[in-house]
Amino acid sequence: MNEHKPFNVEEVDGVAQPPRARVDDAESPADKLERKKDYLEGFLAQKPQSADPAAPGGELYESVLEALRGIFDPEIPVNIYDLGLIYGVDVSPDADVMVTMTLTTPHCPVAESMPGEVELRVSTVPGVRDAEVNLVWDPPWDPSKMSDEARLELGML
């Protein structure tokens with residue numbers, strides 16, 4: 001099993017130098033940075049690939065959220081979504097939308113009209129078959145539910 005294989009030794013006087021890299025063809029740091037920026041902007045602008053338009057990230061779901069961002073609290077100059085009044089948005093495969101929301105207090109002056117306005121706005125989103133609003137008081141709303149944008153708008157950051 002231990003067979004010795006003969007090997008050949010070749011003696012050389014020298015080895016040719018390998019070609020040097022051409023630096024003039026290289027991309028400048030500024031060009032490389034611009035290329036990365038373009039790539040990142042395109043990557044970050046892409047919407048998630050969703051087979052279901054009713055799922056979070058889907059076209060119908062995002063349209064409903066945009067409609068909710070268009071409704072402002074009459075006493076606070078912030079939309080109800082960023083204010084944290086929307087607890088959940090469920091879109092069924094049949095395009096029925098159920099919005100679970102609250103108000104800042106049970107004695108809110110718009111307690112009777114706000115759920116109706118939310119239902120009306122959501123039902124006008126193209127593709128929505130039916131909309132329903134479920135008004136809840138538990139858990140109670142508090143300022144910690146606001147988005148950073150809402151806090152900035154109200155000077156709370």
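Helices, counted here from at least four residues, and strands, from at least two, are DSSP runs numbered from the N terminus.

**Figure 1. Overall architecture of the predicted model.** The structure shown is a predicted model. By the DSSP assignment, the protein contains four helices and three strands. Along the sequence these elements follow the order α-α-β-β-α-β-α. Of the 157 residues in the protein, 29% are buried. The exposed surface amounts to about 11,900 Å², with carbon and sulfur atoms supplying 53% of it. Among contacts between residues at least 6 apart in sequence, 55% join residues at least 24 apart.

**Figure 2. The hairpin of strands E1 and E2.** Strand E1 spans residues 86-91 and strand E2 spans residues 96-101; the two pair in the antiparallel sense over five bridges. One of the bridge partnerships links isoleucine 86 with methionine 101 of E2. Four residues lie between the strands of this hairpin, and alanine 95 adopts a positive phi near 70 degrees. In a regular strand, side chains alternate between the two faces of the sheet.

**Figure 3. The buried side of helix H3.** The buried residues of H3 are Met114, Pro115, Val118 and Val122. Because these residues cover an arc of only 100 degrees around the axis, they lie on the same side of H3. Their cover includes helix H2 (59-69), together with strands E2 and E3. Helix H3 also carries a salt bridge, which is the subject of a later panel.

**Figure 4. Glycine 127 in the loop between H3 and E3.** Glycine 127 is placed in the loop that runs between helix H3 (114-123) and strand E3 (130-135). With a relative accessibility of 54%, which is over the 50% cut-off, glycine 127 counts as exposed. Leaving aside residues up to four places away in sequence, glycine 127 touches Leu60 and Ala95. Of these contacts, Ala95 is the residue with positive phi in the E1 and E2 hairpin. The C-alpha atoms of glycine 127 and alanine 54 are 9.8 Å apart, although 73 residues separate the two in sequence.

**Figure 5. Glycine 84 in the loop between H2 and E1.** Glycine 84 belongs to the loop between H2 and E1. Its relative accessibility is 8%, so glycine 84 counts as buried. Glycine 84 touches Trp141, Lys145 and Met146, with residues up to four places away in sequence not counted. Between glycine 84 and tryptophan 141, the C-alpha separation is 7.6 Å across 57 residues of chain.

**Figure 6. Arginine 151 in helix H4.** Arginine 151 is situated in helix H4, which comprises residues 148-153. This residue is buried yet has no salt bridge. The nearest side chain of opposite charge, that of aspartate 148, is 4.1 Å away, whereas a salt bridge requires a nitrogen-to-oxygen distance within 4 Å. Beyond residues up to four places away in sequence, arginine 151 touches Pro143, Ser144, Lys145, Met146, Met156 and Leu157. Lys145 and Met146 are also among the residues that glycine 84 touches.

**Figure 7. Salt bridges within helices H2 and H3.** Side chains of opposite charge can pair when their charged atoms come close. The structure holds four salt bridges. One of them joins the side chains of glutamate 66 and arginine 69, with an N to O distance of 3.1 Å. Glutamate 66 and arginine 69 are three residues apart in helix H2 and are therefore separated by about one helical turn. Arginine 69 has a relative accessible area of 26% and is partly exposed. In helix H3, a salt bridge brings together the side chains of arginine 121 and glutamate 117, at 3.6 Å from N to O. Arginine 121 and glutamate 117 are four residues apart, about one turn of the helix. Both partners are classed as partly exposed: arginine 121 at 33% relative accessibility and glutamate 117 at 30%.

**Figure 8. The salt bridge of lysine 145 and aspartate 142.** Lysine 145 forms a salt bridge with aspartate 142, and their closest N and O atoms are 3.6 Å apart. Lysine 145 is partly exposed, with a relative accessible area of 29%. Aspartate 142 is likewise partly exposed, at 28%. Lysine 145 is in contact with arginine 151 and with glycine 84.

Methods:
Residues numbered from 1 in each chain as written. Predicted model: local features only at pLDDT ≥ 70, side-chain atom pairs only at ≥ 80, totals over all residues. Heavy atoms only, no water. Pairing = 2+ DSSP bridges. Buried < 20%, exposed > 50% of the residue type's maximum accessible area, 1.4 Å probe, protein only. Contact = heavy atoms within 4.5 Å. Areas by Shrake-Rupley, 256 points an atom, 1.4 Å probe, with all protein chains shown as cover. Lys, Arg positive; Asp, Glu negative; His and termini not counted. Arc of directions from axis to C-beta.
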